[in-house]
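The exercises below concern one protein chain. Work each task with the model open, then compare with the solution.

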Amino acid sequence: MEVILDSVVHLTEHRQLDSLTASLISTVRQFIAPIDVQILDTSLSDDGREEVILPEHLLNDAGGLKQSLACFTHCVSMRQIYCCRDTIPAQVAIPIILNNCIVKVLWVKITYLSDQNINLLNGFAKVYENFLGIVIECETDVLTGLLNRKAFEARLKLASETSHKNTELDSQRLSYWLCIFDIDKFKSINDTFGHLYGDEILLDLVTVMRNVFSENDEMFRFGGDEFVLLIAPDTKQRVRAKCERFCNELCEFHDDNIQVTLSMGMTEILPGEQASGLLEKADQALYYVKENGRNRIEIFEELVSQQLISLKKFEDDIEIF
């Protein structure tokens, strides 16, 4: 019992989603010794039903996929723990529910599924569920529902660590991208139409942003009208095109009473780059846009190559938050 309590204490120490999830998986492995354990995300189908997003290794498991799908389907449809004891190996799926929505599913494959194992798994899942709500609240902007500045640094660090060196040409290289942008003359919008109208503009921006960018592109609100995008690996041309589409669709989203335009600075995330330097580079590109007419996108590396801005050295790992 003392070992279990120690594990629960360790699980509840975490205040970031990635580390909380990793801790739950580690705890399950320690006490249950499963063949496989996953925290699976969910999504809404076209008809509004909750569905489990299957990881690649399950999709490639032709023999076990049918059994796993049956387990997930029953768990989600009944909105409660579902055990498949008759399968070999046994499986169990436990829904993680927030605000009456299934946001994740704890799935375990194990040689033998005892009642004690089920009780442990259910207990660990409930602890995770409770702290997941706290973590999401801490990392989420209240107005827009986007991730906030607090959630940003760990995700940027992960992107930098998982970037890989390659010798592809610029037009073919797949990289993470960091984009900082704000609404042109947003203060004037607030002063003219009021802050409630300004909040509506921000919510409209988020609606368009979610329509244009994928689930793999992480979106943050730093405060006010300042937003950040951490775009999943893609070529420079496709990233620029996606950002231009976002700017154009936002401009078209409003009627003729007001024109909402964006200024955006971008930089490529290369392996091992520090958060402070990456933010500074994207911010330099944004500052250049704001000083030279606004309402467009500039890439830091292109501005440097054109000698429009200078390349600074960032040697210190500065804590920026």
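**Exercise 1. Strand β9 and its partners**

The model is predicted. Leu178 stands opposite a residue of β9, Leu230. Starting from this pair, work out which strands pair with β9 and in which sense.

Solution. Leu178 falls within strand β7, residues 175–183. Strand β7 pairs with β9 in the antiparallel sense, over seven bridges. The other partner to examine is strand β8, residues 218–223. Here the pairing is also antiparallel, over five bridges. At the end of β8, Gly223 stands opposite Glu226 in β9. Two residues lie between the strands of this hairpin, and Gly224 takes a positive phi near 60°.

Next, decide whether strand β9 is largely enclosed or not. The strand covers residues 226–234, and seven of its nine residues are buried, so β9 is largely enclosed by the rest of the structure.

**Exercise 2. Two aromatic pairs**

Classify the ring pairs Phe72 with Trp107 and Phe181 with Phe227, and state where each residue lies.

Solution. The count of aromatic pairs in the model is eight. For Phe72 and Trp107, the ring centres are 5.8 Å apart and the planes are at 70°. Planes over 60 degrees apart count as edge-to-face, so this pair is edge-to-face. Phe72 belongs to helix α4 and Trp107 to strand β5, 35 residues apart, and the pair links distant parts of the chain. Both Phe72 and Trp107 are buried.

For Phe181 and Phe227, the centres are 5.6 Å apart and the planes are at 10°. The limit for stacking is under 30 degrees, so this pair is stacked. Since Phe181 is in strand β7 and Phe227 in strand β9, the pair ties together parts 46 residues apart in sequence. Phe181 and Phe227 are both buried. They also belong to one aromatic cluster with Phe213 and Phe246.

**Exercise 3. The five-stranded sheet and its helices**

Give the strand order of the five-stranded sheet, identify its edges, and describe how helices α4 and α5 pack on it.

Solution. The order is β2-β1-β5-β4-β3, in an open sheet with antiparallel pairing. The edge strands are β2 (50–52) and β3 (82–84), each of which pairs on one side only. Direction ignored, neighbouring strands are turned by 25° against each other on average.

At the β2 edge, three bridges join β2 to strand β1 (residues 36–44), and the two run antiparallel. One of the positions to check is Ser43, whose bridge partner in β2 is Glu51.

Helix α4 (residues 65–78) packs on the sheet and touches β1, β2, β3, β4 and β5. Its direction makes about 35° with that of β4 (90–98). Helix α5 (residues 115–139) also packs on the sheet, touching β1, β3, β4 and β5. The direction of α5 makes about 25° with that of β4.

**Exercise 4. Packing of α7 and α8**

Describe the geometry and the residue classes of the contact between helices α7 and α8.

Solution. Two packed helices are described by the angle between their axes and the distance between those axes. The axes of α7 (residues 186–193) and α8 (residues 195–212) come within 7 Å and cross at roughly 135°. The two helices are therefore oblique to each other. On the α7 side the contact holds Phe186, Ile189, Asn190 and Phe193; on the α8 side it holds His195, Tyr197, Gly198, Ile201 and Leu202. Sorted by class, this contact has six nonpolar residues, three polar and no charged ones.

Conventions
Residues numbered from 1 in each chain as written. Predicted model: local features only at pLDDT ≥ 70, side-chain atom pairs only at ≥ 80, totals over all residues. Heavy atoms only, no water. Axes fitted to C-alpha atoms, helices over the stretch in contact; angles between N-to-C directions. Helix = DSSP H or I, 4+ residues; strand = E, 2+ residues; numbered from the N terminus. Parallel < 35°, antiparallel > 145°, perpendicular 65-115°, else oblique. Contact = heavy atoms within 4.5 Å. Nonpolar A, V, L, I, M, F, W, Y, C, P; charged D, E, K, R; others polar. Pairing = 2+ DSSP bridges. Buried < 20%, exposed > 50% of the residue type's maximum accessible area, 1.4 Å probe, protein only. Phe/Tyr/Trp six-rings, centres within 6.5 Å; stacked < 30°, edge-to-face > 60°.
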